[in-house]
Amino acid sequence: VSTQSTWGKLSFMESTQQTVNFLHWNCLANCYCNIKSFPHVNPEYVEWDYRTKVMSSILSKLDFQVSSFFEIDHPEGYTEIIKQKGDFNVRFFRKPNSDDGLLFSYNKAVFKSIYELCRQYLPSETERRNQFFYFNLLQHVQTKKYILFAATHLKAKAEFAADRTAEIKELLKELASTLNDLSEKGIQDIPVLLAGDFNAEPTEETIRLVREANFVSGLPEDVITTYKVRDKEYKRTIDYVWTRGIENVKCSIPLDVSKLEHPGLPNQEIPSDHLPIQANLEL
């Protein structure tokens, strides 16, 4: 597997007839974005009207045929932005006990959907989980090749590491079962892209399990994907685009946050406390 990563000021990749671009982003739900949560940033940068304009500008420049956006609580606004880029099918799944959720989209001129699954994680010993995972098996219209796109947003906070491990075990088990069922139906050796906000550092058990399932990360482990300042600085690697069975993958992140200084994200250029990750996949 060949992986490459680049970062620089809004350095975006273009797809070709032989490649497809995928975009993952935790977009920071408006219900979580306020001056109390981000006390050190310019108050203008947490306002929804400002963030929408910046987000629209960034997404208009990005080339993607498939996307998974998390922490979406204004799905109609994001749907409008995406559909300006082409004939996209946009699917929105709200978390059971929250205002936000996942918005998944794909360009119908490039892909058609064969199989879809969205499932809430099983309850823990103490509570019913608010997180879920999503699968969509897409077939490339031109080449007839298949790719299974999987997306998830695992439980946050350090004290819930065991919950994240349980969640990823459940996802990987269901993924194996799904691929087995598809194989029995004659769709075999399906490449997989797994993306999301895992809320887990590269050294955690959750991430070890993903690697043990033969997934390869498209970005180096030292690339920071979220940066915020609250009671202290939080520079973390918790967003990932993993692939399995795809020979050539190039990942790009538009801003190297290790060069950022106080007060972190969101800022004038990035309207979320997370960074988008773009993956270019060779068919």
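So, strand 3 (66-72) and strand 5 (101-107) each give at least two residues to the lining of the largest cavity. Keep in mind that what we have here is a predicted model. That cavity holds about 50 Å³ of space, and the structure has two cavities of 30 Å³ or more. Who lines the largest one? The lining is made of Phe70, Glu71, Lys95, Asp100, Gly101, Leu102, Gln131, Phe132 and His153. By class, that splits into three nonpolar, three polar and three charged residues.

Let me stay with Glu71 for a moment. Glu71 sits in strand 3, and it is buried, at 12% relative accessible area. What is its phi? Near 55 degrees, so to speak on the positive side, in a residue that isn't glycine. As a reminder, most residues other than glycine have a negative phi.

Glu71 also turns up in the pockets, so let's go there. The largest pocket has about 790 Å³ of space. Its lining counts 28 residues, and those nearest the centre are Glu71, His153, Ala156, Lys157 and Asn199. Two elements give two or more residues to that lining: strand 11 (226-229) and strand 12 (233-236). What's the chemistry of the wall? Eight of the lining residues are nonpolar, eight are polar and 12 are charged. Glu71 and His153 are on the list for the largest cavity and on the list around the centre of the largest pocket.

Next, the second largest pocket, at about 220 Å³. It is lined by 14 residues, with Lys145, Pro191, Gly245, Glu282 and Leu283 closest to the centre. Here the classes come out as seven nonpolar, three polar and four charged. Take Leu283 from that group. Leu283 lies in the segment after strand 15 (277-282). Is Leu283 buried or exposed? Its relative accessible area is 19%, and the cut-off for buried is under 20%, so Leu283 counts as buried. In sequence, Leu283 and Val192 are 91 residues apart, yet C-alpha to C-alpha they are 12 Å apart in space.

Val192 brings me to Thr243, in strand 13 (residues 239-244). Thr243 is buried, with 3% relative accessible area. Leaving out residues up to four places away in sequence, Thr243 touches Val192, Leu193, Asn214, Phe215, Val216, Val249 and Leu281.

Asn214, one of those contacts, is worth a look too. Asn214 is in the loop between helix 4 (205-212) and strand 10 (216-217). Buried or exposed? Asn214 is exposed, at 57% relative accessibility. Its phi is positive, about 70 degrees, although Asn214 is not a glycine.

While we're on backbone geometry: which residues does a cis peptide bond join? Leu265 and Pro266, with omega at about -5 degrees. Pro266 is in the loop between strand 14 (248-253) and strand 15. And, in general, most peptide bonds are trans.

Now the nonpolar cores. The largest one has 54 residues, and Leu59, Phe69, Tyr78 and Phe149 touch the most other members. Helix 1 (residues 48-61) provides the largest share of this core, six residues. What does Leu59 touch? Beyond residues up to four places away in sequence, Leu59 touches Leu23, Trp25, Phe64, Phe69, Tyr78, Ile81 and Lys85. There is also a second, separate core of 27 residues, including Tyr121, Leu171, Leu194 and Phe215.

Phe149 comes back when we look at Leu138, in strand 7 (residues 132-140). Leu138 is buried, at 0% relative accessibility. Its contacts, setting aside neighbours within four places in sequence, are Val66, Phe104, Tyr106, Phe111, Lys112, Ser113, Lys145, Tyr146, Ile147 and Phe149. Leu138 and Ala213, on the other hand, are 75 residues apart in sequence and 21 Å apart in space, C-alpha to C-alpha.

Last topic, cysteines. How many disulfides does a search of the whole structure find? Zero. Cys33 is in no disulfide, and the nearest cysteine sulfur, on Cys31, is 9.7 Å away. Cys33 is buried, at 6% relative accessible area. Cys251 is in no disulfide either, with the nearest cysteine sulfur, on Cys27, 17 Å away. Cys251 is buried as well, at 1%.

Definitions and conventions: Residues numbered from 1 in each chain as written. Predicted model: local features only at pLDDT ≥ 70, side-chain atom pairs only at ≥ 80, totals over all residues. Heavy atoms only, no water. Disulfide = S-S within 2.5 Å. Buried < 20%, exposed > 50% of the residue type's maximum accessible area, 1.4 Å probe, protein only. Core = buried A, V, L, I, M, F, W, Y, C linked by side-chain atoms within 4.5 Å. Helix = DSSP H or I, 4+ residues; strand = E, 2+ residues; numbered from the N terminus. Contact = heavy atoms within 4.5 Å. 1 Å grid on protein atoms, 1.4 Å probe; cavity = no way out; pocket = protein on both sides within 12 Å on 5 of 7 lines; lining within 4 Å. Points joined across faces, edges and corners; volume = space filled by probe spheres on them. Nonpolar A, V, L, I, M, F, W, Y, C, P; charged D, E, K, R; others polar.
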